[in-house]
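Colleague: I am new to this structure and would like to understand how its labels are assigned. Could you go through them with me?

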Amino acid sequence: MNRRTLALVLTGFCLAPLAAAQQDFSAVEIMLHDVAGNVRYLEGSGGNIGLLAGDDGVLLIDDQYAPLTDKIVAAIRKVSDQPIRFVINTHMHPDHTGGNENLGRMGAMIVGHDNVRAQMAKAGYAETPPFVTFSEDVTFHVNGETVHVFKVPEAHTNGDSFIWFENANVIHTGDVFRTTGYPYIDTGNGGSFLGTIRAWDLLIDLSASGAKIIPGHGVATDVEEVRSARAMLLDVRDKVRQAIAAGMTLEQAQGAGLTAAHDPRYKSDSRLATPEALVAAAYKDLAE
Ligand SMILES: [Zn+2]
């Protein structure tokens, strides 16, 4: 039994991105989207890749899966022939860190929060972790941009960062915020329901002046979408709190239709970001 299998058996939890080895990437197309100024993002399979190009070299945020690196580099070459110098990992998951090894070999510095590296080891991930880590924040001064990278409260995992391009006024949120459905709170890797509310509050403060938001998955958006999602999350929090006060077990709370009002907008075909998983994450924080 290898380390990864052991980790899965121990946690009894199978993360979808681990299926990367069986996934067929041949049909995946990498699409380039402009956001603001020199900031763009690449859509393919896995998390959205932030891209800042310029004379100082290319800075990327996340790198999807290893089999896609050639296609990703080809897409970058449409806007820049400069070397890829920096890759910032928003968090640990394989659909955001799978290209680390390839890009590291090409000379990129891979950067992430201390917990990204530590938790990848703990979870037994085969992906290469960041080899430069920080505890609170780090700032890049490249391509005429000031790029603030900073840890946010435990939300999607225990090692989430936001990346704020100050001049272009664009924020990459990693999977703390996604436009594709309910938030996925990976409690097995230190994620937290109440921490997600705190991280979204921070995102609202930061984007209220009109920043564009690149979500971990989905399409570029702005503060209004975060405000509606926050209202949904507060409603789910209140309903789960009432269920706990009424003496419901987790299973009863999951079967009580607490998210029904929001399912038409937020329920997706994700195996992970389900209403039941959201209620479980809320229950875990609120029952303590
Ligand atoms: Zn993720």
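Modeller: Let me begin with a term: buried means under 20% relative accessible area, exposed means over 50%, and partly exposed lies in between, with a 1.4 Å probe and protein chains only. This is a predicted model, in which local features need pLDDT of at least 70 and side-chain atom pairs count only at pLDDT 80 or more, while totals for chains, interfaces and linings use all residues. Residues are numbered from 1 along each chain as its sequence is written, and side-chain values use heavy atoms, with hydrogens and water left out.

Colleague: Why does Asp-62 count as buried or exposed, whichever applies?

Modeller: Asp-62 has 0% relative accessibility, and the limit for buried is under 20%, so Asp-62 counts as buried. Asp-62 lies in the loop between β4 (58-61) and α2 (69-76), where helices (H or I, at least four residues) and strands (E, at least two) are DSSP runs numbered from the N terminus.

Colleague: What is notable about the phi of Asp-62?

Modeller: The phi of Asp-62 is near 70 degrees, a positive value in a residue other than glycine. Most residues other than glycine have a negative phi. Asn-143 also has a positive phi, of about 55 degrees, although it is not a glycine; Asn-143 is found in the loop between β8 (137-142) and β9, and with a relative accessible area of 15% Asn-143 is buried.

Colleague: Why is the site of the zinc ion called irregular?

Modeller: Donors are N, O and S atoms within 2.8 Å of the metal (3.2 Å for Na, K and Ca), and water is not among the atoms, so sites may look incomplete. The protein donors here are His-91 (NE2), His-93 (ND1), His-156 (NE2) and Asp-175 (OD), lying 2.2 Å from the zinc ion. Four donors count as tetrahedral if all angles lie between 85 and 135 degrees; four count as square planar and six as octahedral if opposite donors are over 155 degrees apart and all others between 65 and 115; anything else is irregular. The angles among the four donor atoms run from 84 to 166 degrees, and the site is irregular.

Colleague: What makes His-156 and Asp-175 a pair that ties parts together?

Modeller: His-156 lies in the loop between β9 (145-151) and β10 (161-165), and Asp-175 in the loop between β11 (170-172) and α6 (193-207), so the pair ties together parts that are 19 residues apart in sequence. Both His-156 and Asp-175 are buried.

Colleague: What makes the contact of Glu-101 and Arg-105 a salt bridge?

Modeller: A salt bridge is a side-chain nitrogen of Lys or Arg within 4 Å of a carboxyl oxygen of Asp or Glu. The side chains of Glu-101 and Arg-105 meet at 2.8 Å, N to O, so the pair fits that definition. Both residues lie in helix α4 (residues 100-105), four residues apart, about one turn of the helix. Glu-101, at 38% relative accessibility, counts as partly exposed, whereas Arg-105, at 65%, counts as exposed.

Colleague: Which parts of the chain does the salt bridge of Asp-201 and Arg-230 link?

Modeller: Asp-201 and Arg-230 meet at 2.4 Å, N to O, in a salt bridge. That pair links distant parts of the chain, with Asp-201 in helix α6 and Arg-230 in helix α7, 29 residues apart. Asp-201 is partly exposed at 28% relative accessibility, and Arg-230 is partly exposed with a relative accessible area of 27%.
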